[in-house]
Amino acid sequence: MFEPIEKKPLDAAIVQMQQRWQESGIPDLYAGGNGPVSRERGRNVRAVFYPKPKLPHAPIEHLNIPGPAGDMAVRIIRPVAGEPTGTLVYYHGGGFILGDLDSHEAHAIRLANQAGVVVLNVDYRLAPEDPFPAAIDDAEAAVAWAHAHLDRLGGSGRPLAIGGDSAGGNLAAAVALYCRDAGIALAAQLLLYPVTDLTRLNGIPEQAYLGDKSANRGLSPRASPALAPSLAGLAPALIGVGSYDFLYQDNMNYANALNAARVPVLLRQYPDLNHGFFSYTAISSSSAAAADQLCADLRAMMQI
């Protein structure tokens with residue numbers, strides 16, 4: 001049974017960033033519920049308040065793979081040095097509404113360099129234009145493609161893992177269920193502050209993603225992995241969450257549910273961080289340390 005850790009004051013760099021954002025008058029990322037407007041706002045907010053860290057990287061391969069609704073853009077990001085430990089299929093965050101291959105490229109580069117994985121960064125369809133189940137359909141198709149093309153990625157015979165942050169963590173957790181049932185072996189599921197039970201949320205992102213039939217759709221394990229009839233047999237989970245995260249209790253509940261189902265779980269709780277800390281590594285040393293620890297954890301899990 002995992003117990004909450006004692007909070008420390010929220011990291012001062014994050015507090016300052018939030019104050020600057022509030023003083024700017026720029027609204028919340030999802031205010032208005034308009035997908036294109038939110039995406040443009042997200043790009044501007046990131047550039048001004050928490051820019052991407054500048055990390056060394058190997059050449060990045062851009063390509064399209066077959067998806068349920070046509071070609072799906074992906075990027076293959078390799079470690080800057082050394083032999084790969086395996087392959088990681090990664091799903092970006094953004095409340096199912098925003099985020100893209102650019103916004104989370106630094107996440108993928110950090111994971112590639114420090115965990116030693118070849119990352120397949122996936123550009124899945126977004127709401128409200130493409131509501132549930134478009135994103136999870138794409139997410140499943142991406143991992144199936146990766147599983148069939150490991151020789152092009154981290155190498156045949158080397159481990160395959162999945163991961164994501166926030167909404168992408170939701171997709172990764174749901175994909176873990178898909179892989180178990182499809183017989184696709186996974187070394188790990190990296191869940192960075194994931195949302196695992198959409199029935200407990202009713203904000204703009206959840207409404208946009210689940211669409212008009214939000215109540216019924218939210219009950220599906222493909223939308224709310226925590227509601228799956230059984231979690232037994234899932235891949236080992238690495239969960240990272242800050243004590244100030246609005247999804248903190250969701251993450252604690254899911255970690256305990258996985259543990260009760262005898263799924264190996266490594267839960268990292270950060271007492272001075274909030275939601276989205278993997279995006280704050282350029283401004284917050286505490287966020288960077290947490291991200292580095294999670295990368296090291298994933299590297300160890302890929303080598304078991």
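In this predicted model, Arg-262 is found in the loop between helix α8 (248-260) and strand β8 (265-270). Its phi is near 65 degrees, a positive value in a residue other than glycine. With a relative accessibility of 77%, Arg-262 counts as exposed, because the cut-off for that class is over 50%.

Ser-166 offers a useful companion to this arginine. A positive phi, about 60 degrees, is found here too, although Ser-166 is not a glycine. Ser-166 sits in the loop between strand β5 (160-165) and helix α5 (167-182). Its relative accessible area is 11%, so Ser-166 is buried, whereas Arg-262 is exposed.

Two further backbone features belong to the loop between β4 and α4. Ala-127 and Pro-128 are joined by a cis peptide bond with omega at about 0 degrees, and Pro-128 has its place in the loop that runs between β4 (117-122) and α4 (134-148). The peptide bond from Phe-132 to Pro-133 is also cis, with omega near 10 degrees. Pro-133 likewise has its place in the loop between β4 and α4.

Stepping back to the whole chain, the protein has 9 helices and 8 strands. Its radius of gyration is 18 Å, close to the 19 Å that the globule rule gives for 304 residues, so the chain is as compact as a globular protein of that length. Along the principal axes, the C-alpha atoms fill a box of roughly 50 × 45 × 45 Å. Of the 304 residues, 57% count as buried. Among contacts with a separation of 6 or more, 76% are made by residues 24 or more positions apart.

At the surface, the accessible area of the chain comes to about 12300 Å², and carbon and sulfur atoms account for 52% of it. The chain carries 23 positive and 29 negative side chains; the centres of these two sets lie 2 Å apart.

Three buried residues give a closer view of the interior. The first to consider is Thr-87, which lies in strand β3 (residues 86-91). Its relative accessible area is 0%, so Thr-87 is buried. The side chain of Thr-87 reaches the backbone nitrogen of Gly-154 at 2.8 Å. Beyond residues up to four places away in sequence, Thr-87 touches several others, including Val-118, Leu-150, Leu-153, Gly-155, Pro-159 and Met-302. Leu-160 and Ala-161 are also among the residues that Thr-87 touches.

Leu-63 lies in strand β1 (residues 61-67). At 13% relative accessibility, Leu-63 counts as buried, because residues under 20% fall in that class. The C-alpha atoms of Leu-63 and Arg-75 are separated by 6.3 Å, and these residues are 12 apart along the chain. Setting aside its neighbours within four places in sequence, Leu-63 is in contact with Met-72, Ala-73, Val-74 and Ile-76, and also with Trp-145 and Arg-152.

Arg-110, by contrast with these strand residues, belongs to a helix, namely α3 (residues 105-115). Although Arg-262 is exposed, Arg-110 is buried, with a relative accessible area of 7%. Leaving aside neighbours within four places in sequence, the contacts of Arg-110 include Pro-53, Leu-55 and Ala-115. Others among the contacts of Arg-110 are Phe-278, Thr-281, Ala-288, Ala-291, Asp-292 and Cys-295.

Note on methods
Residues are numbered from 1 along each chain as its sequence is written. This is a predicted model: local features need pLDDT of at least 70, side-chain atom pairs count only at pLDDT 80 or more; totals for chains, interfaces and linings use all residues. Side-chain values use heavy atoms; hydrogens and water are left out. Helices (H or I, at least four residues) and strands (E, at least two) are DSSP runs, numbered from the N terminus. The radius of gyration is taken over C-alpha atoms; the globule rule is 2.2 Å times the number of residues to the power 0.38. Buried means under 20% relative accessible area, exposed over 50%, partly exposed in between (1.4 Å probe, protein chains only). Contact means heavy atoms within 4.5 Å. Accessible areas come from the Shrake-Rupley method with a 1.4 Å probe; for residues, only the protein chains shown count as cover. Lys and Arg count as positive and Asp and Glu as negative; His and the chain ends are not counted. The place of a charge is taken as NZ of Lys, CZ of Arg, CG of Asp or CD of Glu. A polar contact is a pair of N or O atoms within 3.5 Å; within protein, one must be able to donate a hydrogen and the other to accept it, and residues adjacent in sequence count only if both atoms are side-chain atoms.
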